Amino acid sequence: FSYLHAFFRAMSEPFDPTDRPDGYINLAVAQNFLTVDAVQKRLLAGFASPQPASTAAYDNMKGSERLRTAMAAHMHRVLAKGDYRVKISADQLCISAGCGAILDNLFMCITEPGDAVLIPAPYYPAFDNDLRVRNGAVAVPVCGDDAVSLPTPTQLDEAVEKARADGRAVKAILLTNPSNPLGVIYGEESLLDAIIWALANDMHVVVDEVYASSVFGTTSVDERGEPVNPFVSVMVSETNLAAYEESAKTRLHVVYGLSKDFCASGYRVGVLRTRNEGVLRAMDNVAYFCTLPGPMQHAVADMLEDERWVDEFLAENARNLRAQHGALTAALADAGIPVVNAVAGMFAWIDLRAWMRESTWEEENRLWTRAFERAKVVMTPGRDCRHGVPGCFRLCFATVTMEALTTAVGRLKEMLAEH
């Protein structure tokens, strides 16, 4: 990350309204602390419940049978909304120490060093490292017609031609829904267009749904009051791929985890759902290096099996996200700062182009640096998210208090007025 130095500086001198009112406010961390006490309490109860001796022994490196069964039931009930057409079994899952480990091992299975992976931009800035650091795969950003639109098949074709001209084979497309950094939910039709395009071109499709249960709003409603653009898991969408059914069975993969929806980045619980038996056999081997401790698997399974608690927790978390997002967007509106209408995740994508002297990445960096040094606010630069236009920034609103959020926007407003 270009802003890593700022990240560590902010950690060493954090804002505190009493002890350090002039401290740094870090809005560049995609974590959710808003409902963490509830999940910590429930996990402790899981640890306290009687554990079989098997939690202290070697087990299936893709996850214990109990945990994979509980996770499969959770993903079917919550992500796929209980759709009877969707079949999710424990045998289709690999559970490892975080989604980063899942992505690392998955792309080791489906790419070779130097291969390209298309990613609609803007995107989560760590994807580049996730693909490159061990596997040598190269992330290729592909912009749509605007920041909140997925690229069209024509735009994807153009990206493939450019990659080939650079001597790279394109092996996969990586999609994130709901979006990080935008906080939008992509419509099922546009997602299917991208998926069908990839399958028709013999590419793998990896869909990251780690924010699936962090939905706190809707873009609009129909005449019945129903959301027009609800989150639809790709595990539901795959039932509409009859013409590509065989290809989808081996090339469509879903990534999920507890880091975001359950305020649990430190628990390191990531999940791969795939129907590709070859990938699953490979995971039998490589998952050995990143499996979860037995007692943690026991406690997480106990938590997920408590469906009443899960539903109450997710509802409370959505309320907390909605309140936090509402406070942030109200402060941004007061400051006259444009922001994308987010409905999920923990992000505000703001547009500061009106305060730039020219449309260059150097000017974006100058504005970011002034926000860091003058306002003591750490934002994620659009360039790190591979955005196509300078001047936009990601704010993460679920790591800090509401007071810190409004203070940060107040500082930005003052800094921009001087700028």
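Helices and strands are here DSSP runs, at least four residues long for helices and at least two for strands, numbered from the N terminus. The model is a predicted one. With that numbering, Pro-122 falls in the loop that links strand S3 (116–121) to helix H5 (127–132). The peptide bond between Ala-121 and Pro-122 is cis, with omega at about 5 degrees.

A second cis peptide bond runs from Asn-177 to Pro-178, where omega is near -5 degrees. Pro-178 sits in the loop between strand S5 (170–176) and helix H7 (188–200).

S3 and S5 both belong to an open sheet of 7 strands, whose order is S2-S8-S7-S6-S5-S3-S4 and whose pairing is mixed. The edges are strand S2 (93–96) and strand S4 (138–143); each has a single partner strand, so one side of each has no neighbour in the sheet. On average, and with direction ignored, neighbouring strands in this sheet are turned by 25 degrees against each other. At the S2 edge, S2 and S8 run antiparallel and are joined by 4 bridges. Leu-93 has Arg-273 of S8 as its bridge partner.

Helices pack on this sheet. Helix H4 (residues 99–110) touches S2, S3, S5, strand S6 (204–208), S7 and S8, and its direction makes about 165 degrees with that of S7. Helix H10 (residues 277–286) also packs on the sheet, with S2, S7 and S8 as the strands it touches; the angle between its direction and that of S8 is about 150 degrees.

The connection between two strands of this sheet holds a residue with an unusual sign of phi for discussion. Cys-263 lies in the loop between strand S7 (252–257) and strand S8 (270–274). Its phi is near 50 degrees, a positive value in a residue other than glycine. Cys-263 counts as buried because its relative accessibility is 7%, and the cut-off for buried is under 20%.

Further along the chain there is an open sheet of 3 strands, ordered S9-S12-S11 and paired in the antiparallel sense. Strand S9 (347–351) and strand S11 (380–381) are its edge strands, each pairing on one side only. Between S9 and strand S12 (residues 392–396) there are 5 bridges, and the pairing is antiparallel. Phe-347 has Cys-396 in S12 as its bridge partner.

The loop between S11 and S12 contains Arg-386. Like Cys-263, which is not a glycine and has a positive phi, Arg-386 is a non-glycine residue with positive phi, here about 60 degrees. Its relative accessibility of 29% makes Arg-386 partly exposed.

Two helices lie across strands of the 3-stranded sheet. Helix H12 (residues 307–335) lies across S9 and S12 and runs at about 10 degrees to S9. H13 lies across S11 and S12, at about 35 degrees to S12.

H13 also meets another helix. Two packed helices are described by the angle and the distance between their axes. The axes of helix H13 (residues 361–373) and helix H14 (residues 402–418) come within 10 Å and cross at roughly 125 degrees, which means that H13 is oblique to H14. The crossing of H13 past H14 is right-handed. On the H13 side the contact is made by Leu-367, Arg-370 and Ala-371, and on the H14 side by Leu-412, Met-415, Leu-416 and Glu-418. Sorted by class, this contact has 5 nonpolar, no polar and 2 charged residues.

Methods
Residues numbered from 1 in each chain as written. Predicted model: local features only at pLDDT ≥ 70, side-chain atom pairs only at ≥ 80, totals over all residues. Heavy atoms only, no water. Axes fitted to C-alpha atoms, helices over the stretch in contact; angles between N-to-C directions. Parallel < 35°, antiparallel > 145°, perpendicular 65-115°, else oblique. Left-handed = near helix turned anticlockwise from the far one by under 90°. Contact = heavy atoms within 4.5 Å. Nonpolar A, V, L, I, M, F, W, Y, C, P; charged D, E, K, R; others polar. Pairing = 2+ DSSP bridges. Buried < 20%, exposed > 50% of the residue type's maximum accessible area, 1.4 Å probe, protein only.
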